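Me: Please walk me through the aromatic rings and the nonpolar cores here. Short answers, please.

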Amino acid sequence: MSSAAALLLRPTSATTHPLLHQSSPKSYFLRLHPSRRRLPVPRLSLTPTTASNSSPPPPSPSAPSPAPAAPPSLFSNWSPPRAIWRGLSALLLAGQVFHRVLTGRVHRRNLLAQLRRVGPGSAGVALLTAAFVGMAFTIQFVREFTRLGLHRSVGGVLALALARELSPVVTAVVAAGRVGSAFAAELGTMQVSEQTDTLRVLGTHPVDYLVVPRVLACVLALPVLTLISFVLGLASSAFLADSVFGISVSIILESARRALRPWDLISSLLKSQVFGAIIAVVSCAWGVTTHGGAKGVEM
């Protein structure tokens, strides 16, 4: 027991133990071995790593792969011109009006109001224009026909020109400028202010209430205006020929009676009906396809 304790308490030399260093013969100090003095310490960097050093995270096996983008089609960014789709809308509106007229879906009170607007409202401008057009043609025809000795044929030529072409065209131009523009502006304002949507909410179709009466009013009123314009144009021509060129009114009227045929007047009335339908349908189509506020109404 004593020999074991003596062995444990016996001092060891510096050469025998690497952690002890002898500074004096009897004093011993604890010292680290040179190979164990510096331990590796990890360094923390506060600067973010660049994208080149960082590798992207591996894709998750559960995430679906993105679908490839479809190539753009040929007409993806193309829109038809405004005049084209408005023309198509006019054709569609004409078909709707024709179907509603055949089925009798006509608002009669609104039709009477539009007849007063198209007929008596446009009569003054149409008759004044027809009178001046007849006098202008009389001046041109009488000069040339008198030079050729055909003054007795002036009335027939004027009557045929007025009946076949001039009266329907002049009346249609006046109606398009006065009535057609009014229809387009009125329906365009109602479309922009959403009054047509209000009619749908109330259970009334806008075509029945707004478009059909206007189209029928133009179809019925323009033949009457054309016939009155023909009569006034021929009367103004006879008056000018008698007062300026000395050709009697009876000669003008007799020549017109011999030249005119019933089909000439009938074709004139049919032309005016076709012109009235075209004017009303196109004007209403331009109105109901209006968008963009007051600027769209102007266009």
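Me: How many aromatic pairs does a search of the whole structure find?
Reply: This is a predicted model, where local features need pLDDT of at least 70, side-chain atom pairs count only at pLDDT 80 or more, and totals for chains, interfaces and linings use all residues. Numbering runs from 1 along each chain as its sequence is written, and side-chain values use heavy atoms, without hydrogens and water. Rings of Phe, Tyr and Trp (its six-membered ring) pair if their centres lie within 6.5 Å; planes under 30 degrees apart are stacked, over 60 edge-to-face, the rest tilted. The search finds two.

Me: What kind of pair do Phe137 and Phe141 form?
Reply: They sit four residues apart in helix H3 (residues 108–147), so about one helical turn separates them. Helices are DSSP runs (H or I, at least four residues), numbered from the N terminus. The ring centres are 5.7 Å apart and the planes meet at 70°. The pair is edge-to-face.

Me: Why is the pair of Phe141 and Phe145 tilted?
Reply: Both residues lie in helix H3, about one turn apart. Their centres are 6.2 Å apart, and the pair is tilted because the planes stand at 55°.

Me: Is Phe145 buried or exposed?
Reply: Buried means under 20% relative accessible area, exposed over 50%, partly exposed in between (1.4 Å probe, protein chains only). Phe145 has 19% relative accessibility, so it counts as buried.

Me: Which element gives the largest share of the largest nonpolar core?
Reply: A nonpolar core joins buried Ala, Val, Leu, Ile, Met, Phe, Trp, Tyr and Cys residues through side-chain atoms within 4.5 Å. This one has 28 residues. The largest share, 11 residues, comes from H6.

Conventions:
Helix = DSSP H or I, 4+ residues; strand = E, 2+ residues; numbered from the N terminus.
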